[in-house]
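Open the model in your viewer and keep the selection tool ready. This tour goes from stop to stop.

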Amino acid sequence: MPSQDVEVDDALAAWIVEQVRAGQPPEAVLAPLVEQGWDEDAAIDAVEWVTRRFLEQHAVEEGLPVPVRVPAPIVANGRATVDAGDRQVQVLANLLHPRVIVFGSVLSHEECDALVASARSRLSRSSTFNLDSGVDEVHEGRTSQGMFFARGADALCRRIEARIATLLDWPVDHGEGLQVLRYGPGAEYRPHYDYFDPQRPGTSALLARGGQRVASLVIYLNTPECGGATTFPDARFEVAPIKGNAVFFSYDRPHPMTGTLHGGAPVIEGEKWVATKWLRERQYV
Ligand SMILES: O=C(O)CCC(=O)C(=O)O
Ligand SMILES: [Fe+2]
C-alpha cells in the first residue's frame, strides 16, 4: 500500500473514489477540495493517495498485477508544446485509454539522419527474446532489422536520452539504450506488448535489471512513402510515421487491460526507420 502523508477521512475517500470511477479528470476532483480550503499540493497528494489505494485494493481483489507509477509527461488540454530542455516538442494527439501521446518534432531531421547513419552498418535481423527458452530468436512476426545502442553510447545518444528524460520527466538511468529498427518494403512488427509477461519463466531475470518496462517512445527517423503506421488494434487507432515525430505509450501494469497492444504495420512503399526507447520502473543496469 502507498504511504500516506495527508489525513483523508472515509467520507472524503469514498467521494474521491466515486469521482475517479465516474471518469472525472483529476482537475475536476481537485477543484472542490481547493475551494473548500485545501492547500493545492495537499489536495493533489490526497487524491493520488486515495486513487492509488483504491486501484491497489481493486487489483488484489481481482487477481491483477498492481499498477505502478509511469511517466506522465502531459495533462489533458494542457500546453501545446512541451519544453524538452534543448528543444520545444509539440503535443499532436493525446489519448487517455490506452495512454498514448503523439509528439511532434522530438528530433530534428539532422538528428534522425545522423542516428540512421550510425546504426546502418550495425543492423542485423531483429530477434525477440523467448521468455520460455531464455534465448533470442528470429521471429516471423518481426521482419525488421535492428541494433541497440548502449545507454550513453556517444554524444548524439546522450543528447537524445537527456531530451527524452526531460520530455517524459523520467530519469535517464531508468531507460534502456536506444534501439534502432529498419523495415524494408513489406516488413512489419506484428501486434505485441512491450512489457515482459509475468507468467513466463524468463521474465524474472529481465526484471532484475530495473523492473518492468512501463512506457515506450517510438521515434520515426524517416517518413516512409506508404504504410508503416504504428497501430493500436484495441483502440482502432494508428499513428502515421513522420520523420522526427514520436509516439509515446505507457502501461502501468503488465496486463492487456492497458490496451497497449501495438505493432508496426507493413511498409507498403519505401522503408521505415524508428528509434525505440523503453522506460523502466527503476534504474536500468
Ligand atoms: O515500428 C513501430 O511502429 C513499432 C515498433 C515497436 O513496437 C517496438 O519497437 O517495440
Ligand atoms: Fe513494441
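Select Gly-23 to begin. Gly-23 comes just after helix α1 and has a positive phi of about 85°. The model is predicted, so treat each stop as a computed picture.

Step back to helix α1 itself, residues 10–21. Count 12 residues there. From first C-alpha to last, helix α1 reaches 16 Å, close to the 16 Å expected at 1.5 Å a residue.

Next, select residues 155–168. This is helix α5, and Arg-158 lies in it. Is Arg-158 buried or exposed? Arg-158 is partly exposed, because 13 other C-beta atoms lie within 10 Å, while a buried residue would need 20 or more. Now add Val-247 to the selection. Val-247 and Arg-158 are 89 residues apart along the chain. Their C-alpha atoms are separated by 20 Å.

Colour residues 174–281 now. An unreviewed UniProt entry places the feature "domain: Fe2OG dioxygenase" on this stretch. Over residues 174–281 the chain is 42% strand and 5% helix. Click the two end C-alpha atoms: they are 7 Å apart.

Last stop: ligand 1. Which residues surround ligand 1? Show Leu-181, Tyr-189, Asp-194, Val-218, Thr-230, His-262, Gly-264, Val-274 and Thr-276. Two elements, β15 (262–264) and β17 (272–280), give two or more residues to this shell. Try colouring the shell by residue type. Four residues are nonpolar, four are polar and one is charged.

Methods
Residues are numbered from 1 along each chain as its sequence is written. Chains are lettered from A and ligands numbered from 1 in the order in which they are written. This is a predicted model: local features need pLDDT of at least 70, side-chain atom pairs count only at pLDDT 80 or more; totals for chains, interfaces and linings use all residues. A residue is near a molecule or strand if its C-beta atom, placed from the backbone, lies within 6 Å of it. Helices (H or I, at least four residues) and strands (E, at least two) are DSSP runs, numbered from the N terminus. Ala, Val, Leu, Ile, Met, Phe, Trp, Tyr, Cys and Pro count as nonpolar, Asp, Glu, Lys and Arg as charged, and the others, Gly among them, as polar. UniProt positions are given in the numbering used here, feature names are shortened, and annotations may be inferred rather than shown by experiment. A residue is buried if 20 or more other C-beta atoms lie within 10 Å of its own, exposed if 12 or fewer, and partly exposed in between; C-beta atoms are placed from the backbone. The expected span of a helix is 1.5 Å times one less than its number of residues.
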